[in-house]
Amino acid sequence: MKSYDVTVIGSGPGGYVAAIRCAQLGMKTALIEKYNTLGGTCLNVGCIPSKALLDSSHHYESAVKHFAEHGIEVPGEVKVNLEQMIARKQAVVDQTTGGIDFLMKKNKIEVFNGLGSFVDANRIKIETEGDSEEIESKNVIIATGSKPASLPFITLDKERIITSTEALKLKEIPKHMIVIGGGVIGLELGQVYKRLGADVTVVEYMDRIIPTMDASLSKELAKVLKKQKFKILTSHQVEAVERKGDTIHVKAKNKKGEPVEIEGDYCLVSVGRKAYTEGLNLEAAGVKANDRGQIEVNDHLQTNVSNIYAIGDVVRGAMLAHKAEEEGTMAAEIIAGQKPHIDYNLIPGVVYTWPEVASVGKTEEELKEAGADYKTGSFPMRALGRSRASMDIDGLIKVLADSKTDEILGVHMIGARAADMIAEAVVAMEFRASSEDVSRMSHAHPTFTEAIKEACLAVDDRALHV
Ligand code: FAD
Ligand code: NAD
């Protein structure tokens, strides 16, 4: 029987990073993936393909709506070739997953394609069609990720009542896409099809979209999306989703308890994701999961069985690729006897709509709830020369800082390139910078990052350009 120091089950950003770090640390490492391609949700049906479609649809929208103002004339009509757009997305995915194959070979990680399941705490069975083999391993890292969640009364037919996976490969542009859930997936993929010409109605249960982010971002994003002709129904509880022929009927109740019925030709169900442990046979190893299906881990990512660790979407916390990656590195280093640490407060969250939304640290609502003594500074993107040059004037940056020490406690931004700009806030907070520290740093002109400096100046009521 083949024998390893560490076996990683699942090849998403958590699993493959864990495997690389284990190999770097000199451990004999195996990686098991049930699908034929490596990279998990993120590379195959998540982060990468959704961003590829967001980029393509953004180009199309620019060509249709903004080229003329920039003085660019396109002879003839600008048209969408959806088949080509989806094919380009797939080419990006194939190239990226191929890159993981290369990294596994480079790091001498043995890859098994098949379903991994525990025989006991040190033995894993790998099943492929009609074949199975067992390996043994001193340590195991479970990185089996998550799957789309749904609502009990919804039958996902995967044709017209779909999840993000199907929305990434539609064969036609919906006439009217109803999106259930105004979170990250609903808004990102809703915006893809809105740009391509669909009507989009977002039905959200809470009283605001992106409800876990700072409320100022929800408000500003809703304002911008409404300008883009999104229909947004907040405080609406969906009660039924039915398909009749090619028409989807979504029945909901509004805040007053009145019935609302929406008709469309596609319905994207994006109400969150759930931890995935099916087929792992956790019982054979004695590993405990909680009532939400998440594998329980301690601060060292160790399960109740001491040689078995779990990371990424399958455990508590934000379901983000970079969170999974950090945990992959941490689990590997702990197994190697090191003492790594993750500051979960400093894991940024990003929504890749345009304008982009990005956040790190505490929201204003969290600070209020904790009774913290804080001050705020905020700066509108429209006041920047850079924003006017590119006509990206929507959005704002808000900085929250401790009233006494001035330490930055949270940074929340919506605007062009916020996804990249949030890194500055993460660095500042990692080094426990004050808002004055950042406001005294030189920011290149003209850049969008000047809004970070200005928002920090605004904390002390001395922004320069408003
Ligand atoms: P996963 O990526 O889910 O990988 C788990 C892997 O384990 C899968 O390949 C699965 O096949 C395999 N597996 C499961 N069970 C077994 C078994 N028994 N044996 C063998 N293999 C098994 N996050 C971001 O940070 N940024 C984004 O922009 C972003 N965009 C997203 C867009 C969409 C549409 C979706 C759906 C998600 C997005 N996410 C994004 C979330 C991100 O994809 C996840 O947080 C991330 O993939 C989690 O990584 P993971 O390694 O924990 O699990
Ligand atoms: P989400 O948690 O971001 O949003 C789900 C939304 O659905 C929430 O606003 C919630 O209030 C709403 N909702 C829940 N039940 C509802 C109901 N019955 N009726 C109406 N609305 C309801 O989840 P998601 O958008 O499905 O994404 C899943 C996960 O994938 C997220 O945890 C996210 O972190 C990750 N993801 C990240 C990115 C990114 O980082 N850019 C992109 C896509 C997905």
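These questions and answers cover the cavity and the two ligand sites of a predicted model.

User: Why is the space lined by I408 and V411 called a cavity?

Analyst: A cavity is a set of points where a 1.4 Å probe fits but cannot get out. By this rule the count comes to 1 cavity of 30 Å³ or more. About 30 Å³ of space lies in the largest cavity.

User: What makes a residue part of the lining of the largest cavity?

Analyst: Lining residues have an atom within 4 Å of a cavity point. I408, V411, E424, A425, A428, V438, I452 and C456 pass that test, so they line the largest cavity. Strand 22 (408-415), helix 12 (418-430) and helix 14 (450-459) each give two or more residues to this lining. Helix 12 gives the most, with 3 residues.

User: How do you know which classes the lining residues of the largest cavity fall into?

Analyst: Ala, Val, Ile and Cys are among the types that count as nonpolar, while Glu counts as charged. The lining therefore divides into 7 nonpolar, no polar and 1 charged.

User: What makes the E33 pair with ligand 1 a polar contact?

Analyst: The cut-off is 3.5 Å between N or O atoms. A polar side-chain atom of E33 lies 2.6 Å from an oxygen atom of ligand 1, so the pair qualifies. T41 also has a polar side-chain atom 2.6 Å from an oxygen atom of ligand 1. For H322, a side-chain N or O atom is 3.3 Å from an oxygen atom of ligand 1, so this pair counts too.

User: How much of ligand 1 does the protein bury?

Analyst: Taken alone, ligand 1 exposes 1000 Å². The protein buries 95% of that. The shell has 17 nonpolar, 17 polar and 5 charged residues. Helix 2 supplies the largest share of this shell, 4 residues.

User: Why does the contact of V350 with ligand 2 count as polar?

Analyst: A backbone N or O atom of V350 lies 2.8 Å from a nitrogen atom of ligand 2. The limit is 3.5 Å, so the pair counts. I185 places a backbone N or O atom 2.8 Å from an oxygen atom of ligand 2. For M319, the backbone N or O atom lies 3.0 Å from an oxygen atom of ligand 2.

User: What covers ligand 2, and which residues come nearest?

Analyst: The protein covers 78% of the 840 Å² of accessible area that ligand 2 has on its own. Of the 21 residues around ligand 2, I185, E188, E204, G272 and V350 come nearest. Helix 6 (residues 184-195) gives the most to this shell, with 3 residues.

Notes
Residues numbered from 1 in each chain as written. Chains lettered and ligands numbered in written order. Predicted model: local features only at pLDDT ≥ 70, side-chain atom pairs only at ≥ 80, totals over all residues. Heavy atoms only, no water. 1 Å grid on protein atoms, 1.4 Å probe; cavity = no way out; pocket = protein on both sides within 12 Å on 5 of 7 lines; lining within 4 Å. Points joined across faces, edges and corners; volume = space filled by probe spheres on them. Polar contact = N/O pair within 3.5 Å; in protein donor to acceptor, adjacent residues only side chain to side chain. Areas by Shrake-Rupley, 256 points an atom, 1.4 Å probe, with all protein chains shown as cover. Near = heavy atom within 4 Å.
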